[in-house]
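Trainee: I have a model open and would like to work through it. Can we take it step by step?

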Amino acid sequence: MEGPLLWFCNWSTLAVCAALKLPQIYAQLAARSARGISLPSLLLELAGFLVFLRYQCYYGNPLLTYLEYPILIAQDVVLLLCVFHFNGNVKQAVPYLAVFVSSWFILSLQKWIIDLAMQE
């Protein structure tokens with residue numbers, strides 16, 4: 001019983017996460033506007049997801065324990081690009097994306113950096 005229940009929980013979580021941001025992305029595309037989307041909150045959410053994902057990868061945890069995070073990150077990146085597109089300047093997204101990509105590598109330079117990033 002525990003095996004099928006765990007399987008169902010894992011895959012239902014992935015399915016829900018895969019669809020979590022889709023209504024927001026769809027509404028933004030349909031309205032052709034970024035109105036109502038908070039850029040700072042989107043960036044904060046993306047930073048939190050990236051730190052957690054990097055932490056899990058760094059310590060070699062099983063993929064199924066954090067597989068929803070790459071899905072959420074991809075959706076946040078699409079949402080971020082939509083925000084910049086509808087605000088009229090996609091090029092403004094480049095510095096943000098550069099910071100997130102470089103932080104992926106900086107977080108794992110030393111063990112204390114990744115541990116400090118995960119502190120509450």
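Mentor: Begin with one residue. Asp115 is found in helix H6, which covers residues 111–117. Keep in mind that this is a predicted model.

Trainee: Which side chain does Asp115 join in a polar contact, and at what distance?

Mentor: Look at the side chains of Asp115 and Lys111. A polar contact links the two. Its length is 2.7 Å.

Trainee: Which residues does Asp115 contact beyond its neighbours within four places in sequence?

Mentor: Set those neighbours aside first. Two contacts of Asp115 are then left to name. They are Tyr55 and Tyr59.

Trainee: How many helices and strands does the protein have?

Mentor: Read along the sequence, and the pattern is α-α-α-α-α-α. Strands number zero in the protein. The helix count is six.

Trainee: Where is the confidence of the protein lowest, and where is it highest?

Mentor: Take the whole protein to begin with: its mean pLDDT is 87, and 98% of its residues reach 70 or more. Confidence is highest in H3, at 92. The lowest mean is 79, and that belongs to helix H1, residues 2–20.

Trainee: Are H3 and H5 roughly parallel or roughly antiparallel?

Mentor: Helix H3 spans residues 39–58 and helix H5 spans residues 93–106. Their axes lie 10 Å apart, at an angle of about 20 degrees. Angles under 35 degrees count as roughly parallel. So H3 and H5 are roughly parallel.

Trainee: What classes of residue make the contact of H3 with H5?

Mentor: H5 brings Tyr96, Phe100 and Trp104. H3 brings several residues, including Leu39, Leu43, Ala47 and Arg54. Sorted by class, the contact has 10 nonpolar, no polar and one charged residues.

Trainee: Is the crossing of H2 and H4 left-handed or right-handed?

Mentor: Helix H2 is residues 22–31, and helix H4 is residues 68–86. Their axes come within 10 Å and cross at roughly 15 degrees, so H2 and H4 are roughly parallel to each other. H3 passes H5 in a right-handed crossing. For H2 and H4, the crossing is left-handed.

Trainee: How many polar residues are in the contact of H2 with H4?

Mentor: From H2 come Leu22, Gln24, Ile25, Gln28 and Leu29. From H4 come Gln75, Val78, Leu79, Cys82, Val83 and Phe86. By class, eight are nonpolar and no residues are charged. The polar residues number three.

Trainee: Why do H1 and H4 count as roughly parallel?

Mentor: The axes of H1 and H4 come within 8 Å. The angle is what matters here: under 35 degrees counts as roughly parallel. H1 and H4 are therefore roughly parallel, as their axes cross at roughly 10 degrees.

Trainee: How many nonpolar residues does the contact of H1 with H4 have?

Mentor: H1 supplies Thr13, Leu14, Cys17, Ala18, Ala19 and Leu20. H4 supplies Glu68, Ile71, Leu72 and Gln75. Two are polar and one is charged. The nonpolar count is seven.

Trainee: What does the C-alpha trace of the protein span along its principal axes?

Mentor: Follow the C-alpha trace along each principal axis. The span is about 50 × 40 × 20 Å.

Conventions
Residues are numbered from 1 along each chain as its sequence is written. This is a predicted model: local features need pLDDT of at least 70, side-chain atom pairs count only at pLDDT 80 or more; totals for chains, interfaces and linings use all residues. Side-chain values use heavy atoms; hydrogens and water are left out. Helices (H or I, at least four residues) and strands (E, at least two) are DSSP runs, numbered from the N terminus. A polar contact is a pair of N or O atoms within 3.5 Å; within protein, one must be able to donate a hydrogen and the other to accept it, and residues adjacent in sequence count only if both atoms are side-chain atoms. Contact means heavy atoms within 4.5 Å. Axes are lines fitted to C-alpha atoms, for helices over the stretch in contact, and angles run from 0 to 180 degrees between N-to-C directions. Angles under 35 degrees count as roughly parallel, over 145 as roughly antiparallel, 65 to 115 as roughly perpendicular and the rest as oblique. A crossing is left-handed if the near helix is turned anticlockwise from the far one by less than a right angle, and right-handed if clockwise. Ala, Val, Leu, Ile, Met, Phe, Trp, Tyr, Cys and Pro count as nonpolar, Asp, Glu, Lys and Arg as charged, and the others, Gly among them, as polar. pLDDT is the predictor's confidence in each residue, from 0 to 100.
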